[in-house]
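Hi there,

Here is the structure I promised to pass on to you. Have a look at it first, and then read my notes below.

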Amino acid sequence: MSASCIVLVLLPLISAQSFHRGRCPTPAVQPNFNLQEYMGKWYEIEKLPAYFAKGKCIQANYSLKKDGTVQVLNSQVSKGKKTVVEGTAKILDSHEPGKLGVRFTSFTPYSPYWVLTTDYTNVSVVYSCMDVLRVFHMDFAWILSRSPSLPDETVNRTKELLMSEGINVSNMKPTKQDCHEGNENDGDHDRSDENEG
């Protein structure tokens, strides 16, 4: 299949993503990353567009399993309905534990989940990127917090970090976190073991 044909096939995804010419950047990750301390709930504060996460009140909840992998529960509210997707994450290289992989079905390969920086108790910056035919790349970036909001100066500082690693943040958008946890009026619940995207 030619490169132009593949681009046409991927066009619906590309239109909802951040894509750039050339190969993925290779940013530095958190040194001495501690997986155990990273577990728990993280709120999405801002992100690059992601076709599988267009709702609000987006959260990720991580828990360590006995086999050393991580149970991933991603939730969002969209059109009045709360959905939860379950996946698995794991450290792919013990020499660089900040470079994890995540997948939401057993039939797909692990996608990069690189923790660029985190203090474990307040903020985390995560990056993921996929090369397409070495012609262009699609990337994802998330600013996460242990609470539903972050000070503007913290958000700006995380964006500066991303930019210093050659990552374009001009398309980053804030995520609304205006749901009340435990309030059923925020949407009906639906759970799936497959990623929405």
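Please keep in mind that this is a predicted model.

Let me start with the overall picture. The chain has three helices and eleven strands. Starting at the N terminus, the order of elements is α-β-α-β-β-β-β-β-β-β-β-α-β-β. Of its 197 residues, 42% count as buried. The chain exposes about 10,900 Å², and carbon and sulfur atoms supply 52% of that area. Contacts in the chain with a separation of 6 or more are also worth a thought: 58% of them are between residues 24 or more positions apart.

A good place to zoom in is strand β2, which covers residues 40-47. Six of its eight residues are buried, so β2 is largely enclosed by the rest of the structure. Which strands does β2 pair with? One is β3 (residues 56-64), which runs antiparallel to β2 and is joined to it by four bridges. Here you can find Lys 41 opposite Asn 61. Another is β9 (residues 136-145), again antiparallel and with four bridges. Two bridges also join β2 to the antiparallel strand β10 (residues 173-174). Try finding Lys 47 on your screen: Lys 47 stands opposite Trp 142 in β9, and in β10 its bridge partner is Lys 173.

Now for the inside. In soluble globular proteins, nonpolar side chains tend to be buried together. In this model, the largest nonpolar core has 22 residues. The members that touch the most others are Phe 33, Tyr 38, Tyr 62, Val 70, Val 72, Tyr 113 and Leu 144. Two or more residues of this core come from each of α2 (35-38), β3, β4 (70-78), β5 (81-91), β6 (99-103), β7 (111-118) and β9. The largest share, three residues, is given by β9.

Val 72 makes a nice example to click on. If you set aside its neighbours within four places in sequence, Val 72 is in contact with Asn 61, Tyr 62, Val 85, Glu 86, Gly 87, Thr 88, Ala 89, Val 102 and Phe 104. Apart from the largest core there is another one, made of 18 residues. Val 123, Ile 143, Leu 150 and Ile 167 are among its members.

If you would like a route through the model, begin with β2 and its pairing with β3, then move on to Val 72 and its contacts.

Enjoy exploring!

Best wishes

Methods:
Residues numbered from 1 in each chain as written. Predicted model: local features only at pLDDT ≥ 70, side-chain atom pairs only at ≥ 80, totals over all residues. Heavy atoms only, no water. Buried < 20%, exposed > 50% of the residue type's maximum accessible area, 1.4 Å probe, protein only. Pairing = 2+ DSSP bridges. Core = buried A, V, L, I, M, F, W, Y, C linked by side-chain atoms within 4.5 Å. Contact = heavy atoms within 4.5 Å. Areas by Shrake-Rupley, 256 points an atom, 1.4 Å probe, with all protein chains shown as cover.
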